[in-house]
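Student: Could we go through this structure together, slowly, with one question at a time?

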Amino acid sequence: MSANPARRLFAATALAIVAAAAAVAGPAVRAETADNSAALAVCADPGNLPYSSSKLDGFENQVAALLAADLHRTVRYAWAPQRRNFFNRTLLAGACDVVISVPASLPLSLPAIATTRPWFTSTYVAVTRTSDHRHFAGFDDAWLKSARIGLQLIGGGDVNPPPAMALSRRGITNNIAGFSPWNSAEDAPQAGIIDAVAHKSIDVALVWGPFAGYFAKPYGSALKLEAVTNDPASPGLTFIFPMAAAVRSTDTALKDTLQAAFDRNATKIAAILKGYNIPIIEPSPAAAASRAQFSTPTH
């Protein structure tokens, strides 16, 4: 089962980010005013923690500030929810010049953008209560057939995340609770699925790593996170995603400038990710080369 990854990136996020093939129009971009010649113009979601927010308390906000300081620039934001048509309304419309994190393979489906080298790699994770004796070893675990499972569902077949596809192929569908990542009435809609595990509404949540790590952190040792990196029954299903910064494909000089800034600040960036409790893994060659044929995060 395959579809255009540009239509399946989470807001996030999780993914994540959406590309030109998506047809649904979104709200107008709101850009802050600043001297463009001295600004790093960043495309970002105003309510997508732990990635970004208009309060500037996401890890993308922190990384953008770090890069801008290194380049002796200020940060100017073009805010837009990361829904369908995100790139057309922001980066490709010239409202901004960089998206801080996207799946590194995205240019394969959207040639109008180019990416830096990946600056972090994460994976999906299983979130359970530490007091629960059950342990996630894989999608063939017998206990999954009766457990209350939480998934972040966008809805509609091929737009669902990799864990949903892995479970569906095993006939595990009736005991799944879907959590929408799009509830704009909440400050942090991505937190709901993690709260549900902690409050015993569900037994396990299968979630993109940055969301899981960030929203599980306040619960401390009460929750455990286990990496979900593959499904042996579906080797083409991707769970691991290297993430990179995106610019327009014509902005070669900016891409090189940003890459140099990422390289100079790698240690500081790693510390930022650690502070946000983002699960980091070393990418395998297969993951690095992945075309991200299924639902990808970003967010």
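Tutor: What follows is a set of questions and answers about this model, which is predicted.

Student: Which two cysteines does the disulfide join?

Tutor: A disulfide is a covalent bond between the sulfur atoms of two cysteines. The structure holds one such link, and its sulfur atoms are 2.0 Å apart. With 105° about the S-S bond, the link is right-handed. The two residues joined are Cys43 and Cys96.

Student: How many residues apart in sequence are the parts that this pair ties together?

Tutor: Cys43 belongs to strand β2, residues 39-44, while Cys96 sits in the loop between α2 (86-89) and β6 (98-103). Cys43 is buried at 0% relative accessible area, and Cys96 is buried at 1%. Because one partner is in the strand and the other is in that loop, the pair ties together parts whose separation in sequence is 53 residues.

Student: Is the aromatic pair of Trp119 and Phe120 stacked or edge-to-face?

Tutor: A pair of aromatic rings is described by the distance of the centres and the angle of the planes. For Trp119 and Phe120 the centres are 4.8 Å apart and the planes make an angle of 70°. Planes over 60 degrees apart fall in one class and planes under 30 in another, so with its 70° the pair of Trp119 and Phe120 is edge-to-face.

Student: Which residues do ring pairs link into a cluster with Trp119 and Phe120?

Tutor: The structure holds 16 aromatic pairs, and both Trp119 and Phe120 are buried. Besides these two, the cluster linked by ring pairs holds Tyr51, Phe59, Phe211, Tyr214, Phe215, Phe262 and Tyr276.

Student: Where do the buried residues of helix α6 lie, seen down its axis?

Tutor: Helix α6 covers residues 252-264, and its 13 residues reach 19 Å from the first C-alpha to the last, close to the 18 Å expected. Its buried residues are Leu254, Leu258, Gln259, Ala261 and Phe262. Seen down the axis, they fall within an arc of 165°, and therefore they line one face of the helix.

Student: Which exposed residues are carried by the face of α6 turned away from its buried side?

Tutor: The buried residues of α6 pack against β2, α1 (59-70), β6, β13 (240-248) and α7 (266-275). The face turned away from that buried side carries the exposed residues Ala253 and Arg264.

Student: Which side chain makes a polar contact with the side chain of Arg129, and is Arg129 buried or exposed?

Tutor: Arg129 is found in strand β8, residues 120-129, and at 9% relative accessibility Arg129 counts as buried. Its side chain reaches the backbone oxygen of Val197 at 2.7 Å. At 3.2 Å, the side chain of Arg129 also makes a polar contact with the side chain of Asp203.

Student: Which backbone oxygens does the side chain of Asn175 reach?

Tutor: Asn175 is located in the loop between α3 (162-168) and β10 (176-179), and it is buried with a relative accessible area of 19%. A polar atom of its side chain lies 2.8 Å from one backbone oxygen, and the side chain reaches another at 3.3 Å. In that order, these oxygens belong to Leu144 and Lys145.

Student: What separates the C-alpha atoms of Leu206 and Pro161?

Tutor: Leu206 is part of strand β11, residues 204-208, and is buried at 3% relative accessible area. Leu206 and Pro161 are 45 residues apart along the chain, and the separation of their C-alpha atoms is 9.4 Å.

Student: Which residues does the cis peptide bond with omega of about 10° join?

Tutor: Most residues other than glycine have a negative phi, and most peptide bonds are trans. The cis bond, with omega of about 10°, leads to a proline in the loop between β3 (47-48) and β4 (52-53). The residues joined are Leu49 and Pro50.

Student: What is the phi of His72, and what is that of Lys200?

Tutor: His72 is found in the loop between α1 and β5 (74-79) and is exposed at 74% relative accessibility. Lys200 is in the loop between α4 (192-198) and β11 and is exposed at 53%. Neither residue is a glycine, yet phi is positive in both, at about 60° for His72 and near 70° for Lys200.

Technical notes
Residues are numbered from 1 along each chain as its sequence is written. This is a predicted model: local features need pLDDT of at least 70, side-chain atom pairs count only at pLDDT 80 or more; totals for chains, interfaces and linings use all residues. Side-chain values use heavy atoms; hydrogens and water are left out. Rings of Phe, Tyr and Trp (its six-membered ring) pair if their centres lie within 6.5 Å; planes under 30 degrees apart count as stacked, over 60 as edge-to-face and the rest as tilted. Buried means under 20% relative accessible area, exposed over 50%, partly exposed in between (1.4 Å probe, protein chains only). A disulfide is a pair of cysteine sulfur atoms within 2.5 Å. Helices (H or I, at least four residues) and strands (E, at least two) are DSSP runs, numbered from the N terminus. A polar contact is a pair of N or O atoms within 3.5 Å; within protein, one must be able to donate a hydrogen and the other to accept it, and residues adjacent in sequence count only if both atoms are side-chain atoms. The expected span of a helix is 1.5 Å times one less than its number of residues. The arc is that of the directions from the helix axis to the C-beta atoms. Contact means heavy atoms within 4.5 Å.
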